[in-house]
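Colleague: Got a minute to go through this one with me? Let's pull it up.
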Amino acid sequence: MNEAQQAGLQIDWAGLAPMIIVFVAAFAGLLVEATVLKARRLVVQVSLAVLALAAAFAAVVMNAGKNSAAFEIEGVGIGSVVLDGPGLFLQGTLAVLAIIAVLLLAERRTTRGGDFVAEAAVVADSAADRAQRREPGATEIFPLTLFAVGGMMMFVTAGDLLTMFVALEMLSLPLYLLCGLAKRRRLISQEAALKYFLLGAFASAFYVYGMAMLYGFAGTVDLAGINQAGTDSGQPRMFLYIGVAMIAVAMLFKAAAVPFHMWTPDVYTGAPTPVTALMAACVKVAAFGGLLRVFNVGLASSAWDWHLILTVIAVATMLGGAIFAVTQRNIKRLLAYSSIANAGYLLIGVIALGEAVGQTMFYLAAYGFTVIAAFAVVSLVRDGDEEATHLARWAGLGKKSPGTAVVVTILMLALAGLPFTSGFTAKFSLFSAALQADELGLVIVGVISSAILAFPYLKVVVLLWLNEPAPDAPTVNLPSPMAGTVVAAGVAATLVLGVAPGFLLDIVDQASIFLNT
Amino acid sequence: MDEISYAPAEGLLSLAWLLIALPAFGAAVLLLAGRRADKWGHWLGVATIGGAFALALAMFASLAGLDDKSANLDLFTILSVGDLDIEANLLFDPLSAVFCLLITGVGFLIHVYAVGYMSHDPGRRKFFAYFNLFAAAMLVLVLGGNYFMTFIGWEGVGLASYLLIAFWQLKPAAATAGKKAFLTNRVADVGFLLAMFTMIGTLGTVDFAGVFNGAASLSTGTSLAIGLLLLAAACGKSGQFPFQTWLPDAMEGPTPVSALIHAATMVTAGVYLIARSHVIFSLNADVQTAVVIVGALTLLFGAIVGCAKDDIKRVLAWSTVSQIGYMFLAVGLGGGAFALGIIHLLAHGFFKAGLFLGSGSVMHAMNDQTDIRRFGGLWRKMPLTYATFAAGWLAIIGLFPFSGFWTKDPIIASAFAREGWQGWAVGGAALLGAALTAFYMTRVFVLTFHGPKRWTDDVHPHESPAIMTVPLVLLGLGSLGAGGLMASSVTTWLTPVFGEAHEVHGHLSHTQVTVATTIVVVLGAALGWLLFRGGTDEVPRAAAWPVRAARADLGGEAVNRGLFERPSRLAASASVAMDGRVVDGAVNGLAAGVGGTSRRLLVMQTGFVRSYALSILSGAVIVVAALMVVVIQ
């Protein structure tokens, strides 16, 4: 009999299984690096990662319907890991999106050896660096990705601020590394990684400071406890406000809301495109999963206090992202600013609280699939070895590669939110939910922002179809089995969720109640 | 009135969908197969319509064996919104049965004829694809079990008509005529749509049974509105006043198209619509009067203009306008005359198709000339065409015992039976129309086949090949006999749809009308013969104002130009100016504003981590400050 059992601690191992699987696979991946021959590592690592994520998804499905804490003492839940509808749904979404992202990471056909550097420690642009360009990329990226995804899965189920902080760091640190591993334009990539790391550390400091303030106010880091304290704490409310503000700043940084967004375009552009895809899809899910939980579970009782400032941030994010996007000439920067604007729409869902949780999660899933496919296409259009990210290079793509141009058109229309794509159903359901919650003003700004944002997307479509291709137009590297699968899956999800979103809307509807609200 | 209900379809009748599917399949194959089908495509077109005809005959026979004489086939739900359900259902009843036979039967003969007529045209496969598409759409129109289905067919035939009128699209006249037909029909179709919306708004359904059973509960204003809106749609499709102008121009299409679509079937859809909606039209005397006026006016209008035209197809087109006027008159009179209108429609389907195909045969012989002033004396060169055209001529002018006599005379008699001065007015108009018909048809007949040759030098007339003459002969026989055969049998057959006909007695007895009609017809024909047996000038002479007016379509074009074209052009140029200056100005200004803002704000994106961190810091300060402000308040 050990102490834990004596204290009556019960652990829901099945509920923790998704995270355990991913983390164990990540460690196994590290062992693979040390033991398996270099030539075979790619196959082993990719299969390991995909199998682990698939198993994690299966485990999430087995847990469906749970509404309890993973750790209980004497039948009373401790908030550290909470298995409830939103948490499980977002874990499942993360697992599926991560599988797709791993496939994109594993793409080695678009350029020789893939987009990742073989030895990151070699000085950029030195003779040794030029020599290693012919070598296949490092396979450490797969365990790193698994650690990040595991952190994200923990982040969306963390029920207290401390667990959440651990998860935040766990998802961030591998991403900082991944951002710097590009094989081409390594200096830009390394600069992006450094920027992301410095600003991420800055934001984490805010988080820790805010956590301290909230602990001072509530006497606990448990979200439900903080919520309770919001109504009956005897401490000065000043602590609460500073705490809320600091926590919000840290999380809005990860979510890329204005004015905490500035790292986004630089990092999205500098990072290897598969990593950008992973960030745009999965980190977005995790960040908003955390925001939804913190504001719904921990800060609902002080909603009146933070409602105004969050509304201002949402408006600034929606308009800012859209307006910045208008003049972009680089497809990756365009997608970066579009991801900022989308963060604004998702903030509407956070502000609307309980009414819109399900619709926000639907939006996250729909947007994730579309954006991953969009970045996958970006990685396919190439000038020689490098991606042709400047939009002028995409002119007339419809004539040379009609298939790719059709895919890009579908994705752009989805991002612009036109009917028969998931972009429309997601925006429509999110905005209607916000109207239910009396957020008319935000919805109007959202619609205006969507209208502005439609312009750069449609400009891409016009560029593809109505312009003459340049004589040295970029080539499209199809078929590349990995990236091709990613594009196909993303486009299929975009269309299915646009035409028949009913099944997923039913699921998010059932999974929209947080534990302890 | 009895509750109207339709029995579910069983046995052979549940194959009603196949009637539509056969020609639709043909159209799809011909359009999708591309040039590979050039060699055999036309035979597929003929075969599908022939198969549909055989099926229609079998279904007709099995419907005859039923007690309740109706078969309703539910296919699937098109639309389900709130309380409104719109089903895709087909209704096979005596009325749709005779239309199916007409469409597939006459359609089959014209398809066969077209194999010969179009044999030298490079676009023959496309022609047959559109022709099959037309047949499928027309069958949807007459088989549809609710107004929505009818509307689908209605628009489908409109599309096919457009495609076929403008079939020789490189000819500017054909392209313009196609556009004109399409636009005129679109205007009238708004009536159909509004009628459906009114039904949905007041009765909550567009089902025939639902609308007819609920019609009695409608207010007078509503039933008047629905009736007039349906009448507008019917006038558009059938080329009735004031929408008559597109139909003569539609003759720019290949002649088989004129025969099938713009004579025998599609243009009679308006008559079908009114006959099908007889419950609504019988409900409101004002609507009936409107239909009668449209009919009487149009039959005179068409006959007068027909007298002044020199293009053989245009004379026939105006005669179609005029004959459909008779049908409108009949269905407007209501009661027993509904059946008379349908019978005249069927008989007209035969003789007018025969006349058009005959004119096509003549054009074939005369290097595609259509000017009757340059014909003459053709009876020796093309005896079969001559004989069949003569049969059509006898049928349309209505001499005993040919078709028109059995179908037109009763309509004139019913017109005289209308109460009060209206009876004299419409009866007189119908009688005058009969005289004019006899005159202008005789004129066409004589100028084409008799009298001296006035051919241009390069023509060498010859009889058409058998593939064209055999359908001609069959239609000729139909022209002669159909009226007599159908007069009483079809009336009985249609009783389940329109109810028992009551004997009507009016200003003149049936015998008096028959005698009067025969006299004026003989006089008209004799006058035509006397005037034109010696031929005519090869260029038009200056003429008195009535002839000039008739040559100018009685001002129809001028009215269109003044009333619609000029204001529309003005409105169009005004809106272009508005769009260019105001709307585009605003949009471009807005876009420039957004772009400028974007460029100005992006200056903040310096690329330096320190400025990014400053942004985060200032954001954090603002957030804290804002929360504090809330506290202080």
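Modeller: Sure. Keep in mind that this is a predicted model. One place to begin is an open sheet of 3 strands in chain A, in the order β5-β4-β6, with antiparallel pairing.

Colleague: Which strands stand at the edges there, and why is one side of each left without a neighbour?

Modeller: The edges are β5 (386–387) and β6 (475–476) of chain A. Each has a single partner strand, so one side of each has no neighbour in the sheet.

Colleague: How many bridges join β4(A) to β5(A)?

Modeller: There are 2 bridges between β5(A) and β4 of chain A, residues 381–383, and the two strands run antiparallel. Within that pair, A:D383 stands opposite A:E386 of β5(A).

Colleague: Which helix packs on the sheet?

Modeller: Helix α15 of chain A, residues 357–380. It touches β4, β5 and β6 of chain A, and its direction makes about 25 degrees with that of β4(A).

Colleague: Switching to the other sheet, β1-β2-β3 in chain A: what is the pairing?

Modeller: Antiparallel, in an open sheet of 3 strands. The edge strands are β1 (9–11) and β3 (76–83) of chain A, and each pairs on one side only. From one strand to the next, the twist averages 35 degrees.

Colleague: And how many bridges between β2(A) and β3(A)?

Modeller: 5 bridges join β2 of chain A, residues 68–73, to β3(A), and those strands run antiparallel. A:E72 stands opposite A:G77 in β3(A).

Colleague: Helices next. At what angle do α4(A) and α6(A) cross?

Modeller: Roughly 165 degrees, with the axes of α4 (85–105) and α6 (141–157) of chain A coming within 9 Å. Angles over 145 degrees count as roughly antiparallel, and therefore α4(A) and α6(A) are roughly antiparallel to each other.

Colleague: Is the α4(A) and α6(A) crossing left-handed or right-handed?

Modeller: Right-handed.

Colleague: Which residues meet there?

Modeller: From α4(A), the residues include A:L90, A:L94, A:A98 and A:V102. Among those from α6(A) are A:F142, A:V149, A:M152 and A:V156. By class, this contact of α4(A) with α6(A) has 11 nonpolar, 4 polar and no charged residues.

Colleague: Last topic, the chain contact. How many residues come from chain B and from chain A?

Modeller: 24 from chain B and 29 from chain A. On the chain B side, α22 (556–601) and α23 (609–632) are the elements that give two or more residues. The largest share, 15 residues, comes from α23(B).

Colleague: What's the class split on that side of chain B?

Modeller: The side of chain B that touches chain A has 15 nonpolar, 8 polar and 1 charged residues.

Technical notes: Residues numbered from 1 in each chain as written. Chains lettered and ligands numbered in written order. Predicted model: local features only at pLDDT ≥ 70, side-chain atom pairs only at ≥ 80, totals over all residues. Pairing = 2+ DSSP bridges. Helix = DSSP H or I, 4+ residues; strand = E, 2+ residues; numbered from the N terminus. Contact = placed C-beta atoms within 7 Å. Axes fitted to C-alpha atoms, helices over the stretch in contact; angles between N-to-C directions. Parallel < 35°, antiparallel > 145°, perpendicular 65-115°, else oblique. Left-handed = near helix turned anticlockwise from the far one by under 90°. Nonpolar A, V, L, I, M, F, W, Y, C, P; charged D, E, K, R; others polar.
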